[in-house]
Amino acid sequence: MKYERKVIDPEQIRRQEQICAEIFDVVTADGKRPLAMVDTYGCQQNEADSEKIRGYLAEMGYGFTQDEFQADVIVVNTCAVREHAEMRVLGNVGALNHSKKARPSQIVAVCGCMVQQEHMAEKIKKSYPVVDLVFGPHELWRFPELLQRVMRKGKRVFATEKNLGAVVEGIPQQREGKVKAWLSIMYGCNNFCTYCVVPYVRGRERSREPEQVVAEARELVAQGYKEITLLGQNVNSYGKDLDSEVDFADLIRMVNAIPGDFLIRFMTSHPKDATEKLFQTMAECEKCAHQLHLPVQAGNDRILKAMNRSYTREKYLQQVALARRYMPDLVLTTDIIVGFPGETEEEFADTLSLCEEVRYDAMFTFIYSKRVGTPAASMPDPYTRADKQKHFDALTELSNRISGEKHREYEGKTLRVLIDGETGREEYNLSSRTNGGRLVHLKGDPAWIGRFADVTITASNTWALYGEIGGNAE
Ligand code: SAH
Ligand code: SF4
């Protein structure tokens with residue numbers, strides 16, 4: 001069935017904001033400021049969604065806390081990509097019994113990808129009476145209306161119907177921090193990698209209009225943000241569902257043209273549709289970081305095919321070579337799944353050899369996690385958890401060694417970094433990122449947060465670089 005792009009009528013969002021005002025009158029009637037806690041699991045898209053939940057809550061008059069015993073409303077924004085994250089969520093939601101006992105009027109909401117799965121919504125309904133409101137990612141835009149229903153009726157509300165998703169504009173956002181911003185450019189995924197639950201819970205690929213993305217980026221630059229990360233499950237298919245001719249590379253050029261001193265990053269790129277045009281655009285746009293997260297998942301062609309990744313090892317390696325030809329200083333990172341059903345010793349060895357060949361700056365490695373309803377869940381899997389753990393450990397060791405070696409190559413070099421926060425440690429009190437996204441610890445004045453600076457790298461380890469600022473930060 002073909003998905004028809006759906007846009008939520010802006011009038012509907014105005015209605016939600018009106019409901020926020022109604023809730024404001026009720027919850028601030030005693031003259032006190034109520035508090036909310038938003039707990040986020042999973043990917044950057046979820047971080048971006050939580051900023052919208054906080055945006056709505058702020059309009060309702062809530063301040064924010066990290067202490068569940070102080071919170072009048074708790075929203076847990078969940079992830080479904082691996083079982084481990086789901087277990088953590090369930091454990092933490094169960095533990096909210098204590099805060100709710102201490103504060104019986106507390107409202108607990110659970111949202112995000114995990115509850116968009118029917119079996120999880122059911123489980124919460126049956127076994128987690130502490131939860132008052134459950135809503136999937138497609139219902140986020142009407143969070144105020146759902147919350148008001150819980151407040152007025154005092155009954156549990158579940159909004160997790162099957163849905164392929166829509167594009168929504170105009171939800172208020174409360175961003176964390178003043179230096180780095182997430183900017184969603186598209187939602188959903190059409191790729192159906194056989195291990196992955198995302199296409200089932202986030203719906204079909206749908207892009208925001210380029211004008212909307214550029215307007216938001218312009219606004220962020222005007223507010224002083226110095227780094228904008230364009231987000232999507234597969235940014236390389238940006239625009240395919242729109243009438244306009246703008247593709248992802250064109251969109252980078254449009255954001256790059258906004259006046260100001262800021263960096264553009266993006267994630268994630270699917271290797272099957274990363275184009276030469278994209279690499280050339282990255283190289284030519286002076287604000288675009290030379291950083292590419294290009295998840296390979298596995299180094300063996302049989303496994304790649306079984307994963308439905310639509311590229312071969314050779315095609316992937318050619319893309320890496322092409323990207324590096326345009327950007328010799330490219331920082332390249334990847335995701336890898338170890339222990340996909342039926343992955344043999346030899347097949348895993350192909351992943352190791354690919355990583356040796358590419359020499360990633362960093363790798364995010366995961367042990368395969370069986371996801372209900374995905375094709376891989378019913379593939380034969382004769383290997384034990386212990387076999388997989390052995391492979392995982394070997395890959396981690398390789399990844400750490402290469403990252404350490406690459407970091408050592410930075411020593412003695414002077415690089416431009418963006419100072420983005422405090423570390424809480426005395427000796428190196430500031431954290432920063434290179435253009436390629438590598439972490440650099442520094443000593444300096446916290447007033448420099450949000451500035452670019454030239455830094456000489458003096459030491460390094462597997463995870464980070466250490467540097468000294470030459471002169472004052474710009
Ligand atoms: N859209 C992004 C990634 C989304 S999920 C992309 O395609 O690159 C982030 C990462 O989680 C994936 O790249 C994959 O490595 C990992 N992942 C996804 N499903 C998984 C599963 N069932 N088990 C283990 N890791 C998984
Ligand atoms: Fe999942 Fe594949 Fe889509 Fe990434 S591209 S979200 S791994 S289905």
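**A tour of the predicted model, from a cysteine to a domain interface**

Start by selecting C196, which counts as buried because its relative accessibility, at 16%, falls below the 20% cut-off. Keep in mind throughout that the model in your viewer is a predicted one.

Next, select ligand 2 and show the residues around it, and you will find C196 again, in the company of C189, N191, F192, C193, Y195, V198, P199, Q233, H270 and R309. If you colour this shell by residue character, seven of its residues are nonpolar, three are polar and one is charged.

With several cysteines on display, you may wonder how many disulfides the structure holds. There are zero. A disulfide is a covalent bond between the sulfur atoms of two cysteines. For one case to look at, select C285, which is in no disulfide, and then C288, whose sulfur is the nearest cysteine sulfur at 6.3 Å. C285 also counts as buried, because its relative accessibility is 2%.

Now zoom out and colour the chain by its domains, with domain 1 running over 10-159, domain 2 over 180-406 and domain 3 over 414-469. Hide domain 1 for a moment and look at the other two, where the centres of domain 2 and domain 3, taken over C-alpha atoms, are separated by 25 Å.

Where they meet, 16 residues of domain 2 are in contact with 14 residues of domain 3, and the area buried between these two domains is about 1200 Å², with carbon and sulfur atoms giving 53% of that area. On the domain 2 side, select K180, K226 and L263, which lose the most area to domain 3 and together account for 32% of what that side buries.

Which kind of link joins the side chains of K180 and D420? Select both residues, and you will see a salt bridge with an N to O distance of 2.8 Å. Across the interface of domain 2 and domain 3, two salt bridges are found.

Key:
Residues are numbered from 1 along each chain as its sequence is written. Chains are lettered from A and ligands numbered from 1 in the order in which they are written. This is a predicted model: local features need pLDDT of at least 70, side-chain atom pairs count only at pLDDT 80 or more; totals for chains, interfaces and linings use all residues. Side-chain values use heavy atoms; hydrogens and water are left out. A residue is near a molecule or strand if one of its heavy atoms lies within 4 Å of it. Ala, Val, Leu, Ile, Met, Phe, Trp, Tyr, Cys and Pro count as nonpolar, Asp, Glu, Lys and Arg as charged, and the others, Gly among them, as polar. A disulfide is a pair of cysteine sulfur atoms within 2.5 Å. Buried means under 20% relative accessible area, exposed over 50%, partly exposed in between (1.4 Å probe, protein chains only). Domain bounds come from an automatic or database domain assignment. Contact means heavy atoms within 4.5 Å. Buried area is the accessible area (1.4 Å probe) that two parts lose on being put together, summed over both. A salt bridge is a side-chain nitrogen of Lys or Arg within 4 Å of a carboxyl oxygen of Asp or Glu.
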